[in-house]
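Please open the model in your viewer and keep the sequence panel beside it. The tour below suggests what to select at each stop and says what is to be found there.

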Amino acid sequence: MQKDALRSFSKNQLALRNGQDKPEIWVAYQGLVYDVSDSRLWRNGKHYEHWAGQDLTHELPDAPHTASVFEKFKVVGQLN
């Protein structure tokens with residue numbers, strides 16, 4: 001999928017997809033916004049000490065997994 005064909009979301013719009021304010025549970029990583037709503041690990045918008053609705057790019061180095069984990073999730077847009 002080409003980045004220029006993706007819908008663009010602001011940080012404020014992303015923040016509303018936190019599993020609390022709207023039914024969607026989204027996170028961003030390296031400029032892309034991912035829908036993690038179907039993941040059992042993101043129930044209620046929380047994944048260990050991480051919260052949905054945020055850009056997790058700078059959090060990944062502390063994670064026990066690599067960026068390949070995002071390949072499981074649908075890209076819904078790009079973060080502007």
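**First stop: the sheet**

Begin by selecting Asp35, whose bridge partner in β6 is Lys74. Before going further, please note that this is a predicted model, in which local features need pLDDT of at least 70 and side-chain atom pairs count only at pLDDT 80 or more, while totals for chains, interfaces and linings use all residues. Residues are numbered from 1 along each chain as its sequence is written, and side-chain values use heavy atoms, with hydrogens and water left out.

Now widen the selection to β3 (residues 32–35) and β6 (residues 74–79), which pair in the antiparallel sense over 4 bridges. Strands here are DSSP runs of E with at least two residues, helices are runs of H or I with at least four residues, and both are numbered from the N terminus; two strands pair if DSSP finds at least two bridges between them. Within this pairing, Tyr34 stands opposite Val75 in β6.

Keep Tyr34 selected and add β2 (residues 26–29), which is joined to β3 by 4 bridges, the two strands running antiparallel. On this side, Val27 is the residue that stands opposite Tyr34.

Next, add β1 (8–9), which pairs with β6 in the parallel sense over 2 bridges; here Phe9 stands opposite Leu79 in β6. With these strands displayed together, the view shows an open sheet of 4 strands in the order β1-β6-β3-β2, with mixed pairing. β1 and β2 stand at the edges and each has a single partner strand, so one side of each is left without a neighbour in the sheet.

**Second stop: two residues with positive phi**

Return to the hairpin that β2 and β3 form with 2 residues between them, and select Gln30 in its turn. Phi of Gln30 is near 50°, a positive value in a residue other than glycine. Most residues other than glycine have a negative phi. Gln30 counts as exposed because its relative accessibility is 54%, where exposed means over 50% relative accessible area, buried means under 20%, and partly exposed lies in between (1.4 Å probe, protein chains only).

Then move to Asn44 in the loop between β3 and β4, where phi is near 60°, again a positive value in a residue other than glycine. Asn44 is exposed, with a relative accessible area of 57%. The loop between β3 and β4 also holds Trp42, which counts as buried at 7% relative accessibility. A distance drawn from Trp42 to Val76 spans 16 Å, C-alpha to C-alpha, for a separation of 34 residues in sequence.

**Third stop: charged side chains**

How many salt bridges does a search of the whole structure find? The search finds 1 salt bridge, a term for a side-chain nitrogen of Lys or Arg within 4 Å of a carboxyl oxygen of Asp or Glu. To see this contact, show the side chains of Arg17 and Glu24, which meet at 3.7 Å, N to O. Arg17 counts as buried at 12% relative accessibility, whereas Glu24 is partly exposed, with a relative accessible area of 26%.

From Arg17, draw a distance to Asp62: the two are 45 residues apart in sequence and 23 Å apart in space, C-alpha to C-alpha. Asp62 is placed in the loop between β5 and β6 and counts as exposed at 66% relative accessibility.

Add Glu49, Asp55 and Glu59 to Asp62, and the selection covers a patch of negative charge on the surface. Such patches are made of residues with over 30% relative accessible area and no salt bridge, like charges being joined within 9 Å and nonpolar side chains (Val, Leu, Ile, Met, Phe, Trp, Tyr) within 5 Å. Within the patch, Glu49 is found in the loop between β4 (46–47) and β5 (50–51) and is exposed, with a relative accessible area of 57%.

**Last stop: the helix**

Finish by selecting helix α1 (residues 11–15), in which Asn12 lies. Asn12 is exposed, with a relative accessible area of 63%. A final distance, from Asn12 to Asp38, joins residues that are 26 apart in sequence and 22 Å apart in space, C-alpha to C-alpha.

Notes
Areas by Shrake-Rupley, 256 points an atom, 1.4 Å probe, with all protein chains shown as cover. Lys, Arg positive; Asp, Glu negative; His and termini not counted. Charge placed at Lys NZ, Arg CZ, Asp CG, Glu CD.
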